[in-house]
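Student: Could you take me through one part of this model closely? I would like to look at the salt bridges.

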Amino acid sequence: SWRDSSPRVRVRPCFAFCPTTRVVAGMATPPAVVPDDAHLHDWPAVTALSAGWALSFSVVTASITATNLASSAFSPSSSWNTVPLAILLVALSGWSMALPTLFTKLGGRLNTYRVTSCVGMVASVTASLACSEKSFAALCVSSVLFALPSAAGQSFRFAVLSLVPARSRPKCIGLVLTGGIAGAVIGPLYAAAAKNMFADAPFAGVYVCTGVAFFLLLCIVSVPGLVTFPAEGGQEAAGGEKAPGGSEEPCGKSTDGKGESTEKKNAEPKNAPSVAVAASFARFGFVAAVAIAALSYGAMSFLMSPTPLAMRDRGLSFHEVSHVILSHMLGMYAPSFVSGGAVARFGWRPVAAVGAGLFVVASVVMHDGVSMKNFVGGQLVLGIGWNLCFVAATSEVAKVSMEEAENACMGIQSRSVKAAQKAKSAQRVQSAADVVTFAFAGAASVASGPALAKIHWREMQIVGWVCAGLMLVFVKVAGIKDARKEEDVRSTEKGEDKV
């Protein structure tokens, strides 16, 4: 078949380990151009997730472009203008924590993505009605609803981990996020085009377009066989698994050769997700990666969310606002072509350090003036800095989550239960990291509105410098601790050699 949906386990022929037959095989078969695990890459699914992220992110970019300006027409006061967008980011944090439970209750990631796409369509209708009726409360409710499909879209970068081998994961995270380039272009464009779709309801047309985007996303995740994930705790994992001998190994009560029930064997590791989360946060490298993701997202939200309002206050048009947001979003996702590969080659810390340095540059540019070129240049560099920090941090979070999920499930005997618990544990770790990240981003977005009203735009750039400094501190300390750990390992190995 054109793709393999069977469990991704490579079994090498026994004759490959025989020196003589290996020579014969080498004569019969030319040297492979592709890596040995190339068949394990599910490229159609990776491409579909990238397209899905493009649609999901177009809604985010359209919301960033239009929501604060739409709410300013009927918000209680100017300090509340950024509240609907901030609610979206705060709710994104809560929904991120709930995603592992939804994956289990709804029978896996794929069913969850279908449901969240439908929720996105409901949110779009609610937001459109809010603009028509000039209801600030309804716009806030729509933000809570938008946060669920946005959280699901953010999880695409982790979903790809089960579709490729370990060596390709940083690159594929970057490829999925590359879909954000299309979203960065589409979102502001249809926001600008649909702003006046309804003469008596400005911005209502924008949310009609977001509803169409979610409908197309629903179509992608509903194509039979296009995207499939390994059993991960839903109905797939509940049905048992063929044991090596050919007998069925259900997840219910059964006995092994010693008369011990499978249920008893698997009773202890039920807390594997909690163990994996605790073990992950006990590693400073993981904590540093989460902190860098949170600081980069928070600084970006604080300096980007009020940008449309700051530009409007200086007499710039909505068309110019959409152009600046477009440049910012391209900066956020265009580097994904190379940032994932850079992490794989140089490590996550150097890439994150470069990203933190770009935050400093962006704040300098935006502090220097309030012309169109300052907004475009500053927001572009800000987006690039965020991409490097976020892809680097995400790669480290993904690596640690998979390692600790494996460690937490070592005591599980049943392969089907172990696969389900590993997936659930990794999802719980990744969701915990996202909760911290999006909670910080939401708080920063909430604070950006009052900050713009009280300390003004240029003074707000200090936050970019402070967050960049903190990120560099985390990078440095993580490097020191990793170096000490490597030195301890080398010392232990030398001691063993002497013995």
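Tutor: Happy to; here is a walk through the salt bridges, with the ground rules to begin. This is a predicted model, in which local features need pLDDT of at least 70 and side-chain atom pairs count only at pLDDT 80 or more, while totals for chains, interfaces and linings use all residues. Residues are numbered from 1 along each chain as its sequence is written, and side-chain values use heavy atoms, leaving out hydrogens and water.

Searching the whole structure gives seven salt bridges (a side-chain nitrogen of Lys or Arg within 4 Å of a carboxyl oxygen of Asp or Glu). Let's visit Lys399 in helix 17, residues 372-408 (helices are DSSP runs of H or I, at least four residues, numbered from the N terminus). Lys399 pairs with Glu396, their closest N and O atoms being 4.0 Å apart, and also with Glu403, at 3.5 Å. Glu396 is three residues from Lys399, about one turn of the helix; Glu403 is four residues from Lys399, again about one helical turn. Glu396 is buried at 9% relative accessibility, whereas Lys399 is partly exposed at 38%, as is Glu403 at 31% (buried means under 20% relative accessible area, exposed over 50%, partly exposed in between, with a 1.4 Å probe and protein chains only). These three belong to a salt-bridge network that also links Arg283 and Glu404.

Elsewhere, Arg349 forms a salt bridge with Asp482, with 2.6 Å between the closest N and O atoms. Arg349 lies in helix 16 and Asp482 in helix 19, so this pair ties together parts 133 residues apart in sequence.

How values were computed: Helices (H or I, at least four residues) and strands (E, at least two) are DSSP runs, numbered from the N terminus.
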